[in-house]
Each structure stands twice: as structure tokens, then as C-alpha cells.
Amino acid sequence: MAWLYALLASRPVVWLLLFVNAAGTIYGYYWYRYQLADTPPVFLPFVPDSPTASLFFLVVLVAWLFGRSAPLFEALALVTLVKYGIWAVVMNVLVWRVTGTLDWAGWMLIVSHGAMAIEGMLYARFYRFRFLHLMLAAVWTLHNDVIDYVFGMMPRYSVLADYVNEIGYFTFWLSIASIAAAYWLGIRVRRQPLLPGGRIDFRPKAE
């Protein structure tokens, strides 16, 4: 797997991911435009779940390009990319099962959000966050669930309105699983070392 980590760490790939995620983040906020227009200001930071997850990852990528790490944003990115990547895939598959059809936008969401979850996990070996950073990310994530399913700010899928309680229950446990995955991948699993001065050493370790 050393070749894969070397590829992921190459500056051209990091720059490519920066542009792709920037485009996806902008589109994601645009996708939420109608819901954001109806959202009370106090809830605005918690409504656009997926674009905010990719925004966290953008901060991580920019830090890496400057040879630095952003551990809190790494923890936030890993947890939320995995959570909302899987969540959106499941929701669009449910739309397909309930309605019997799925338009091109739904398929695009499945592919793009599946890629979000994968990129979050692939880059976990380079993350530098500690347990405190992960706990702060966990608070953000679980608080977001409360905002979504207690205060009714969840993403709007009108055809799934009858299943909101089940979706909320699933989302809570998906949050727990994503936090656990972030702990395992970002803390327990051996990670890449730092160079003097705090710069990230992207050279892969021997397996």
C-alpha cells in the first residue's frame, strides 16, 4: 500500500482534490439554497451538512499544501465525511426504493457522497489529531443531530417524510459509528510522522 499513500500525498493529487472538493462544496451550499432561505439564523451553521464536511476537508488540504496540519479540522473532516457520505448514499437508495426511480441528481449524489466517505478514510493515515480534537468533533456531530431531528432542521427529502423517526435513529448510530471509525483510523492505527517544524512527512512507512 506504500505506493497508494505516496500517490495520495503527491502535491498534484492534493491540488486536484482541493479543486474538486471546492467545486463540490460550492454546489452543496447551492443545493441547500432554498432550505437555508427558510432557516432561522441560529441554525444556519448546522443545516448544510455535506458541504460543511467537505469545507472542513478543504481546510485540511490547504494546511497540507503549506506543510502544516490542522488537527481539529482533520477530526471534523474524518467524522463528517464518513457520516454524511454514507448518510446521503443511504438516503438516495431509500428514495429509489420508495419511489421506484431515481433521477440523475440522485445518482450523482450517491457517487459524490460515496467518494466523500472514501477520501475521508483514505487520508486518515496522514491526520495528526488527538483524542481531545476527536471529542470536540464528536460534540459538533452529535449536536448537529439534535439540531436536525429535535429542531427539525434535517435535509429535506419530502418522499421520506414518513420515515423521519427511523432516519433520525439511524443517523444517531451512524454518528457513533463514524466517531468510532475516526478513533480507530486516526488515533489507533499507525500514522505518518511529522518532520521538524511540524511539517507533515508524506513519505509512506514500510509495511
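The largest pocket of this structure, which is a predicted model, has a volume of about 440 Å³. Of the 26 residues that line this largest pocket, those closest to its centre are Gly24, Ser50, Ser112, His113 and Met116. Elsewhere, a search of the whole structure finds 18 aromatic pairs, and the points below take up the pockets and then the rings.

**Lining of the largest pocket**

- Four helices each supply at least two residues of the lining of the largest pocket, namely helix 2 (11-31), helix 4 (49-65), helix 5 and helix 6 (104-122).
- Among the contributors to this lining, helix 2 gives the most, with nine residues.
- By residue class, the lining of the largest pocket divides into 16 nonpolar residues, nine polar residues and one charged residue.

**The second largest pocket**

- The second largest pocket has a volume of about 240 Å³, and of the 14 residues that line it, Asn92, Val95, Leu102, Asp103 and Tyr157 are the closest to its centre.
- The elements that give two or more residues to the lining of the second largest pocket are helix 5 and helix 6.
- The lining of the second largest pocket is made up of seven nonpolar, five polar and two charged residues.

**Aromatic pairs**

- The 18 aromatic pairs found in the whole structure include that of Trp87 and Tyr157, whose ring centres are 5.9 Å apart and whose planes meet at 70 degrees; because planes over 60 degrees apart count as edge-to-face, this pair is edge-to-face.
- This pair links distant parts of the chain, since Trp87 belongs to helix 5 (residues 71-99), whereas Tyr157 lies in the loop between helix 7 (131-149) and helix 8 (164-188), 70 residues apart.
- Both partners of this pair, Trp87 and Tyr157, are buried, and Tyr157 is also one of the residues closest to the centre of the second largest pocket.
- Phe172 and Trp173 form another edge-to-face pair, with 5.1 Å from centre to centre and 75 degrees between the planes.
- Phe172 counts as partly exposed, at 35% relative accessibility, and Trp173 is likewise partly exposed, with a relative accessible area of 44%.

**A ring cluster and a charge over a ring**

- Ring pairs link Phe57, Trp64, Tyr123, Phe126, Tyr127 and Phe129 into a cluster.
- Arg33 lies over the face of Tyr30, at 3.8 Å from the ring centre.

Key:
Residues are numbered from 1 along each chain as its sequence is written. This is a predicted model: local features need pLDDT of at least 70, side-chain atom pairs count only at pLDDT 80 or more; totals for chains, interfaces and linings use all residues. Side-chain values use heavy atoms; hydrogens and water are left out. Rings of Phe, Tyr and Trp (its six-membered ring) pair if their centres lie within 6.5 Å; planes under 30 degrees apart count as stacked, over 60 as edge-to-face and the rest as tilted. Buried means under 20% relative accessible area, exposed over 50%, partly exposed in between (1.4 Å probe, protein chains only). A charge sits over a ring if NZ of Lys or CZ of Arg is within 6 Å of the ring centre and within 35 degrees of the ring normal. On a 1 Å grid over the protein atoms alone, a cavity is a set of points where a 1.4 Å probe fits but cannot get out, and a pocket is an open set with protein on both sides within 12 Å along at least five of seven lines; lining residues have an atom within 4 Å of a point. Grid points are joined across faces, edges and corners, and a volume is the space filled by probe spheres set on the points. Ala, Val, Leu, Ile, Met, Phe, Trp, Tyr, Cys and Pro count as nonpolar, Asp, Glu, Lys and Arg as charged, and the others, Gly among them, as polar.
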